[in-house]
Amino acid sequence: MARKKKETRALEKGEYYDPANNRFTFRKMVKGNRINISARTLDELRLEKHRILLQIDQGMTPDVTRGNEPLDKYFDYWYEKFAKNQMKATTCTNYKAYYEANIRGDLGRKALKNVSVADCQNVINRMVKAGKKKSTMTNLKSCMNNVFKCAMDEEIISKNPFQNIRIPKTKSDKREALERSQIELFLGYIKNHPVFSRYYPEFVVLFNCGLRIGEMAALTWSDLDFKGNTMRINKTVNRYREKDFGYTRAVASPKSDTSERTIFFNSMVRKTLLKLKMQQGMKSDLKLPYVDDSGYIRGSVTGFVFTNSSGGVWVEPSFRKLINRIVEHQNEDAKKAGTELLESFTPHVARHSYTSLAYEAGADMKAVSEYLGHSSIDTTLNVYTSLTAKKKQEQEVVVQAIMVS
């Protein structure tokens, strides 16, 4: 291999050009570290050379081989070695979904050491163009920050290219609550419907208790106290990747510490649940694993209050499809009869609706926040509460009454 000039630029000490393969290399012993790297252009070579020399100056021992492996390969290594043992299993599942959808096979093919800030920003820019939600982009950034930080801790790279990536503001969907009339129309429709009536208890609990879908799905008969009319919320149903954990549905601890709570339920909920218990007769033989935060099975759960038409537990996607199906059928009947149509809504809107109805009724927001299991009252006030037109008019009256000059 001969040392020579390329593109009219002289090679520095330790740099070589291989005309047979049209590649540049750098070979040298630096402070006891044997450096041997190559690149197709001199600029790429010197960028990597300076990165490695900087690591050495900072007292690191650079790994010049692992930096050449694809980002996809390093992510898989990070996921198995670190993520699955340090993060909640649900977080791991979500992170992997974000990575598969936005990085793998695209940016993921690039060598770990060559991933640039511009590459990472391009990923976000594509997501913006595709109409992805800001929360999705934020979660992907959080995932990739963890991946690259780990690579820095292992002294494979010297800089996290995702750290200062900017996520532009995007228009988020409003979390509008349903008006009471719409809730009553929906419940009235399914209550006596020949097919949908079997799902009436689920919706009564959602609209009257403000539970998350996973919390409702995880309810067992042992969680209910019909003497004190209380409901214990101490677990949730989560979805997992079978390839990673060996199962697709499992029961786990609630979303956060404040999510574990005991709440009162009203007479409508009591009546509906007692009727359901009587109808069920023999307890369901459905059994799900109970897993810890890392996804390891620690027991099992039986005696579920609610099951879907297949005898399994509810999860958000299937429950969303159920709502869409009910709304579609109701609106077909309403068009024929010339009656009021139903608004389409998501499962979580039932939770928003409970919060707004409580606000409209004048409930103490701190108490409502605790009832819902929010981490702070700010979440209840700023994110979930949607003032109804009537409440806004009441506020306008107050504003006009408080007038000084």
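This report looks at a helix contact and a small sheet in a predicted model.

**Confidence**

Let us begin with how far the predictor trusts its own work. The chain has a mean pLDDT of 85, and 85% of its residues reach 70 or more. Residues 1-6 call for some care, as their pLDDT is below 50. Even so, beyond near neighbours in sequence, this stretch has 17 contacts in the model.

**Two crossing helices**

Now to helix α3, residues 89-102, and helix α5, residues 134-153, whose axes come within 9 Å. The axes cross at roughly 100°. Angles of 65 to 115 degrees count as roughly perpendicular, so α3 is roughly perpendicular to α5. On the α3 side, the contact is made by Y95, Y98, Y99 and N102. Helix α5 brings T136, N139, L140, S142, C143, M144 and N146 to the contact. By character, the residues of the α3 contact with α5 divide into 6 nonpolar and 5 polar, with no charged residue among them.

**An open sheet**

Further along the chain, 3 strands form an open sheet in the order β4-β5-β8, with antiparallel pairing. In general, strands of a sheet pair through backbone hydrogen bonds. Here are the strands, with their residue ranges.

| Strand | Residues |
|---|---|
| β4 | residues 224-225 |
| β5 | residues 230-233 |
| β8 | residues 261-264 |

The edge strands are β4 and β8, each of which pairs on one side only. Strand β5 meets β8 in the antiparallel sense over 4 bridges. Within this part of the sheet, I233 stands opposite R261 in β8.

Technical notes:
Residues are numbered from 1 along each chain as its sequence is written. This is a predicted model: local features need pLDDT of at least 70, side-chain atom pairs count only at pLDDT 80 or more; totals for chains, interfaces and linings use all residues. Side-chain values use heavy atoms; hydrogens and water are left out. pLDDT is the predictor's confidence in each residue, from 0 to 100. Contact means heavy atoms within 4.5 Å. Axes are lines fitted to C-alpha atoms, for helices over the stretch in contact, and angles run from 0 to 180 degrees between N-to-C directions. Angles under 35 degrees count as roughly parallel, over 145 as roughly antiparallel, 65 to 115 as roughly perpendicular and the rest as oblique. Ala, Val, Leu, Ile, Met, Phe, Trp, Tyr, Cys and Pro count as nonpolar, Asp, Glu, Lys and Arg as charged, and the others, Gly among them, as polar. Two strands pair if DSSP finds at least two bridges between them.
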